[in-house]
Amino acid sequence: MAYKRVLLKLSGEQLAGKFDSGIDAELGAWLAQQVAEVVKDGTQVVIMVGGGNYARGAQLAGHGIGRVTADNVGMLATMMNAIALADIFNAHEVSARALTNIKADQVADQFTHRRAISDLGKNHVVIVAGGIGRPYLTTDTAAVSLALELDCEVVLKATKVDGVYDKDPAKFPDAVKVEHMSFDEAVSNGAITVMDKAALGLAMEHGLSIVVFDALTEANITRVAAGEQIGTKIS
């Protein structure tokens, strides 16, 4: 059965596509087509974007740059992704709205619960920037928090691999993909690094399922939003 409302978490690295940094507009156009199919099937879509293609707070901190400032730079990076992605979606006739959790009135509308729910009710794709609006929290944690706030039924965590493995598949050829994993295992197993532990803990506390999958394979976003077994489900 298809989900009624989903949160899709996209990293900045994925949005960079074929480039080392910045945003790949061709990939953005392809994502717009994929998400359009989901919306056409009757599922409302919220997208939380990361900012690692421009700046990553945890990496910037130090050498005179305070952690709070570094995280603020990271949140600004997510805003660049959100407004660009919304433009790309709208240019390809997929109605999208960029909302931000940090105040930047000249650039994007401020996120409010009412505005987001209203936009979703009009079948707009809602793209949210600024993480949670506070330092020391990743966009993964912000994605889970946002999914809970907007009554999303699942968090779809896009990754470069097709799910969670018992060890790093890039390093170990004998790594085995896990189709279903409990929150207890995901939180306690130090080898599981696909999502930070704060995000997993918050999802576990509220019983919000997470599906880790490869979003850059044709039709995977449509299939996972329809409830098909794609990737790894953490629940």
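A residue counts as buried when its relative accessible area is under 20%, as exposed when that area is over 50%, and as partly exposed in between. The exercises below concern a predicted model.

**Exercise 1. Classify the two partners of the salt bridge between K18 and D24 as buried, partly exposed or exposed.**

Step 1: The contact itself is a meeting of the side chains of K18 and D24, with a distance of 3.0 Å from N to O, and this lies within the 4 Å that a salt bridge allows.
Step 2: D24 has a relative accessible area of 5%, and because this is under the 20% cut-off, D24 is buried.
Step 3: K18 has a relative accessibility of 53%, and because this is over 50%, K18 counts as exposed.

**Exercise 2. Describe the salt bridge between K103 and D105, and state how accessible each partner is.**

Step 1: The closest N and O atoms of K103 and D105 are 3.4 Å apart, and the two residues form a salt bridge.
Step 2: K103 is exposed, since its relative accessible area is 68%, and D105 also counts as exposed, at 55%.
Step 3: Elsewhere, salt bridges that share partners join K9, D140 and K157 into one network, and the structure as a whole holds nine salt bridges.

**Exercise 3. Locate the salt bridge between E13 and R56 in the chain, and work out how accessible its partners are.**

Step 1: The side chains of E13 and R56 meet at 2.0 Å, taken from N to O.
Step 2: This pair links distant parts of the chain, for E13 belongs to helix 1 while R56 lies in the loop between strand 2 (44–49) and helix 3, 43 residues apart.
Step 3: E13 counts as partly exposed because its relative accessibility is 33%, and R56, with a relative accessible area of 35%, is partly exposed as well.

**Exercise 4. Characterise the largest pocket by its volume, its lining and the elements that contribute to that lining.**

Step 1: The volume of the largest pocket is about 1,100 Å³.
Step 2: Its lining is made up of 45 residues, and those that lie nearest the centre of the pocket are R56, D140, K157, T193 and V194.
Step 3: Two or more lining residues come from each of helix 1 (12–16), helix 3, helix 4, helix 6 (139–149), strand 6 (154–159) and strand 7 (164–165).
Step 4: Helix 4 gives the most to this lining, with five residues.
Step 5: Sorted by residue type, the lining of the largest pocket divides into 17 nonpolar, 16 polar and twelve charged residues.

**Exercise 5. Identify the residues of the nonpolar surface patch, and place I65 within the chain.**

Step 1: L60, I65 and V73 make a nonpolar surface patch of about 190 Å².
Step 2: I65 is found in the loop between helix 3 (57–60) and helix 4 (67–91).
Step 3: With a relative accessibility of 36%, I65 counts as partly exposed, and because patch residues need over 30% relative accessible area, I65 passes that cut-off.

**Exercise 6. Compare the surroundings of N123 and Y136, each of which has a positive phi although it is not a glycine.**

Step 1: The phi of N123 is about 65 degrees, whereas that of Y136 is about 70 degrees.
Step 2: N123 lies in the loop between helix 5 (113–121) and strand 5 (125–129), and Y136 lies in the loop between strand 5 and helix 6.
Step 3: N123 counts as partly exposed, at 46% relative accessibility, while Y136 is exposed, with a relative accessible area of 54%.

How values were computed: Residues numbered from 1 in each chain as written. Predicted model: local features only at pLDDT ≥ 70, side-chain atom pairs only at ≥ 80, totals over all residues. Heavy atoms only, no water. Patch = residues over 30% accessible without salt bridge, like charges linked within 9 Å, V, L, I, M, F, W, Y side chains within 5 Å. Areas by Shrake-Rupley, 256 points an atom, 1.4 Å probe, with all protein chains shown as cover. Helix = DSSP H or I, 4+ residues; strand = E, 2+ residues; numbered from the N terminus. Buried < 20%, exposed > 50% of the residue type's maximum accessible area, 1.4 Å probe, protein only. 1 Å grid on protein atoms, 1.4 Å probe; cavity = no way out; pocket = protein on both sides within 12 Å on 5 of 7 lines; lining within 4 Å. Points joined across faces, edges and corners; volume = space filled by probe spheres on them. Nonpolar A, V, L, I, M, F, W, Y, C, P; charged D, E, K, R; others polar.
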